[in-house]
Protein chains: 2
Amino acid sequence: MRETDPSPATGALTDRLAEVFDLVGPLYRRAQRKVEQDAPLEGLSVGVRAVLNMLREHGPMTVPQMGRAQALSRQFVQRMTNDAAGLGLVEFMPNPAHKRSSLIRLTDEGEQAIGAVVERERRVLRQIGGDLTEAEIDACLRVLSRLLHLLDDIDMD
Amino acid sequence: MRETDPSPATGALTDRLAEVFDLVGPLYRRAQRKVEQDAPLEGLSVGVRAVLNMLREHGPMTVPQMGRAQALSRQFVQRMTNDAAGLGLVEFMPNPAHKRSSLIRLTDEGEQAIGAVVERERRVLRQIGGDLTEAEIDACLRVLSRLLHLLDDIDMD
DNA sequence: CCCGCTATGACAACCTAGGTGTCATTATGG
DNA sequence: CCATAATGACACCTAGGTTGTCATAGCGGG
């Protein structure tokens, strides 16, 4: 029944992984609320913030690329991008690779806006950073991206 | 400018923590979608699933307790609880501590329903458990609950 | 013992994140 | 050169989740 079970401890591991998911929910909600608390000062919705943040750390991207990167629908990202453009935070630049799908780039205002938001968030994060080791955070990142890719693959059943 | 900086490496750590949050978003969304895919078979909404899951691993609780535990509003949890009661998955039992606020307990059907859901999810999780060590998952849990508590405290500004 | 405070439950209104479905357009590659 | 796939735009919808309000009932202090 468990022919793919690589180790006897797998059951326990599975339990811990479930715990991880139990934490992700509340964490996501509180983080979102925190972002909402902060970002409105700049007039940014959570979605717009996400777009700006992606552009900030990845450089110019197309809308479909961003959707795939964040597991969001193309249309949703499009809307957020348009909102951001309406606010003058991003601009469209011609894409050498695809003539139809332009690259989205942060404007100077956008850079400044997302920079301010991220800086405020970093200031909050800094309060706890001290207690955690880099190794722990590293492990955490590995586990989370593992889970993420897993959920990517099992789209079909 | 950084007078509260405990260590020179804090900046790097903060960056990694930010990465954690960047993963939490997509992860939460995909997990939710996966749950939606599975749970509808049992007729459970995400909220009801959350309530059942809490009762499953924590035992009987009151509605306000559950709200606090999951960082959800009292009223929302109440609705989900009532839904669950309507489905016969939970029942109300008198609370010795508070006459007004009854304890919510899983019924046999509820136990079975959430058990089935959790089992299906475990089966999915088991696919990746092998690659991750217990120490990594442990570290991940520590980091996440750390972050969670941080966000708890900074409710006020 | 009573009175005010607070916690609870119920209900309603609302918000917004995010998805889906569709259509027109335009590349782009075979 | 044409078929197919990818993009953008728009409309509509779902549902997760909050907030606000009200009535009620415990409870704790005077």
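This talk goes through a predicted model with two protein chains and two DNA strands, from the chain contact to the DNA and then to a few loop residues.

Some ground rules before the details. Residues are numbered from 1 along each chain as its sequence is written, and chains are lettered from A and ligands numbered from 1 in the order in which they are written. Since the model is predicted, local features need pLDDT of at least 70 and side-chain atom pairs count only at pLDDT 80 or more, while totals for chains, interfaces and linings use all residues.

I will start with how the two chains meet. In this model, 52 residues of chain B are in contact with 53 residues of chain A. Contact here means that the C-beta atoms of two residues, placed from the backbone, lie within 7 Å. On the chain B side, helix 1 (10-38), helix 5 (108-129) and helix 6 (134-153) each give at least two residues. Helices are DSSP runs of H or I with at least four residues, strands are runs of E with at least two, and both are numbered from the N terminus. Helix 1 of chain B has the largest share of that side, with 19 residues. By class, the side of chain B that touches chain A has 30 nonpolar, 9 polar and 13 charged residues. For the classes, Ala, Val, Leu, Ile, Met, Phe, Trp, Tyr, Cys and Pro are nonpolar, Asp, Glu, Lys and Arg are charged, and the others, Gly among them, are polar.

Next, the core. The largest nonpolar core has 32 residues. Such a core is a set of buried Ala, Val, Leu, Ile, Met, Phe, Trp, Tyr and Cys residues joined through C-beta atoms within 7 Å. Buried means 20 or more other C-beta atoms within 10 Å of the residue's own, exposed means 12 or fewer, and partly exposed is in between, with C-beta atoms placed from the backbone. Helix 1 and helix 6 of chain A, together with helix 1 and helix 6 of chain B, each supply at least two residues of this core. A:Val20, A:Cys140 and B:Cys140 have the most contacts inside the core. What does A:Cys140 touch, leaving aside neighbours within four places in sequence? The list is B:Val20, B:Ala139, B:Cys140, B:Val143 and B:Leu144.

Now the DNA. Strand C is surrounded by 21 residues, and the closest are A:Ser73, A:Gln75, B:Val63, B:Pro64 and B:Ser101. A residue is near a strand if its C-beta atom, placed from the backbone, lies within 6 Å of it. Two or more residues come from each of helix 2 (46-58) and helix 4 (74-86) of chain A, and helix 3 (63-70) and helix 4 (74-86) of chain B. Helix 4 of chain B gives the largest share, 3 residues. The surface near strand C has 5 nonpolar, 12 polar and 4 charged residues.

For DNA strand D there are 21 residues around it, and A:Ser101, B:Ser73, B:Gln75, B:Phe76 and B:Lys99 come nearest. Here the largest share, 3 residues, comes from helix 4 of chain A. The division by class is 5 nonpolar, 12 polar and 4 charged.

Let me turn to helix packing in chain B. Two packed helices are described by the angle between their axes and the distance between the axes. Axes are lines fitted to C-alpha atoms, for helices over the stretch in contact, and angles run from 0 to 180 degrees between N-to-C directions. Helix 2 and helix 3 of chain B pack at about 100 degrees, with axes 11 Å apart. Helix 2 and helix 3 of chain B are therefore roughly perpendicular. On this scale, under 35 degrees is roughly parallel, over 145 roughly antiparallel, 65 to 115 roughly perpendicular, and the rest oblique. Helix 2 of chain B also packs with helix 4 of chain B, at about 85 degrees and with axes 9 Å apart. That contact divides into 7 nonpolar, 2 polar and 1 charged.

Last, the loops. Most residues other than glycine have a negative phi. A:Ala71 has a positive phi, near 55 degrees, and is in the loop between helix 3 and helix 4 of chain A. A:Ala71 is partly exposed, with 16 other C-beta atoms within 10 Å. In chain B, phi of B:Ala71 is near 55 degrees too, and B:Ala71 lies in the loop between helix 3 and helix 4 of chain B.
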